[in-house]
Amino acid sequence: MSSERAVLDAHYMARAIELARKGLYSTHPNPRVGCVIVRDGQVVGEGWHVRAGEPHAEVHALRQAGELARGACAYVTLEPCSHHGRTPPCAEALVKAGVARVVAAMQDPNPQVAGQGLQRLADAGIEVASGVLEGEARALNPGFLKRMEHGLPFVRAKLAMSLDGRTAMASGESQWITGPAARSAVQRLRARSSVVLTSAESVLADNARMTVRGDELGLDPETTALALARPPLRVLIDGRLRVPLDAPFFQAGPALVVTAAEVDAAYAQAGHELLRLPGSDGRVDLPALMLELAARGASEVLVEAGAGLVGAFARQGLIDEYQIFVAGRILGSSARPLLDWPLETMRQAPHLKITEMRAVGDDWRVTAVPKPAPGV
């Protein structure tokens, strides 16, 4: 490939990735995908996948391009699908449109596709290429990729703490450690997630609803409407069924309650689902829950809870990414710690790689991911 073509491919793929990001809050359980169609150095069609069950990015772009798609090059952030799902295969649509070349950022890990889309295009005489800006494309869909490759969702833990690493006063008082900008960022984390998961302790302490609040998202009206039209599934881990059905959490809409206790028909009568997943310690089996959520199509799970539940997720190696909001406050030595995770030696201390730090209003947002300990 010539250096000029490589530069052009990266340029147009960057635009396709920009389009794909428009679906950040609305495509669940499908991946976020963008497409750009170029002919004779001119963009003749653009599209992005808006929501499941509706046309994919390639179809939107082809409709915009019309007859100009014939002989053109299509740039797509994920390999065009080759199977019939809720919509016809995009690979066939590209063949029928007469495109001459298709560039994909990456192959689709979905076993129903997995290279077959690109092969269908090649069999039709279309030039194909893959791997352009693959890293950026993978970053668009961490949950979809993990679910397809490992059968598990991508788990984020959201935490808010003071400069001295405390999350609440000894009494449990915690509202508000961080400011409005940080809370708006948390709302966007909720909106992009398939599942928002919390604990009985958090719901009882804060009267939490765990909903997406449109007025706090800080998004444009069109994106806000898309986000609110696809709210995440709210999951409550309540091992002993302590949260009463008249709590604000349950009044905010249907929820999935996961417990280690016996099933109570009252939850179903109130419009909620009760799932029993007892673990060996009498608590909820968290790995089994992650498998269950992935089987239901959940790609990204946001854990918003206190030190106990987040600590349990961390101890079991279930967290893929930490989103830690740090406020310029000191809560003191009697305040509650960030995680319930007793560690006795430095060797036991987990290693995290900080991938991003940025100011959010008067607070700081730290993104970190687990990494192997040195020598492992």
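**Two domains, a hairpin and some oddities**

Me: How many salt bridges link domain 1 and domain 2?

Reply: The count between domain 1 and domain 2 is 2 salt bridges. Bear in mind that this is a predicted model.

Me: What makes the pairing of Glu300 and Arg32 a salt bridge?

Reply: The closest N and O atoms of Glu300 and Arg32 are 2.7 Å apart. The cut-off is 4 Å between a side-chain nitrogen of Lys or Arg and a carboxyl oxygen of Asp or Glu, so the pair qualifies. Arg32 falls within domain 1 (3-140) and Glu300 within domain 2 (142-370).

Me: What else meets across that interface, and which element gives domain 1 the largest share of its side?

Reply: There are 6 residue pairs in polar contact across the interface of domain 1 and domain 2, with both residues at pLDDT 80 or more. On the side of domain 1 that touches domain 2, helix H5 (residues 134-140) gives the largest share, 3 residues. Sorted by class, that side of domain 1 has 12 nonpolar, 3 polar and 4 charged residues.

Me: How do you know that the domains touch, with their C-alpha centres 34 Å apart?

Reply: The 34 Å runs between the C-alpha centres of the two domains, whereas contact is judged on heavy atoms within 4.5 Å. By that test, 19 residues of domain 1 are in contact with 19 residues of domain 2. About 1,600 Å² is buried between the domains, and carbon and sulfur atoms give 63% of this area. Tyr25, His28 and Arg138 supply 43% of what domain 1 buries against domain 2, more than any other three residues.

Me: Why is the arrangement of S1 and S2 called a strand pair?

Reply: Pairing takes at least two bridges, and 6 bridges join S1 (residues 34-39) to S2 (residues 42-48), so the two strands pair. They run antiparallel, and Ile37 stands opposite Gly45 in S2. The hairpin has 2 residues between the strands.

Me: What makes Asp40 stand out in that loop between S1 and S2?

Reply: Its phi is positive, about 55°, although Asp40 is not a glycine. Most residues other than glycine have a negative phi, so this counts as an exception.

Me: What makes the peptide bond between His28 and Pro29 cis?

Reply: Omega is about 0° for the bond joining His28 and Pro29. Pro29 sits in the loop between H1 and S1.

Me: Why is the meeting of Arg15 and Glu18 counted as a salt bridge?

Reply: Their side chains come to 3.3 Å, N to O, which is within 4 Å, so they pass the test. Both residues lie in helix H1 (residues 3-20), 3 residues apart, about one turn of the helix. In total, the structure holds 22 salt bridges.

Technical notes. Residues numbered from 1 in each chain as written. Predicted model: local features only at pLDDT ≥ 70, side-chain atom pairs only at ≥ 80, totals over all residues. Heavy atoms only, no water. Domains from an automatic or database assignment. Buried area = accessible area lost by both parts, 1.4 Å probe. Polar contact = N/O pair within 3.5 Å; in protein donor to acceptor, adjacent residues only side chain to side chain. Helix = DSSP H or I, 4+ residues; strand = E, 2+ residues; numbered from the N terminus. Nonpolar A, V, L, I, M, F, W, Y, C, P; charged D, E, K, R; others polar.
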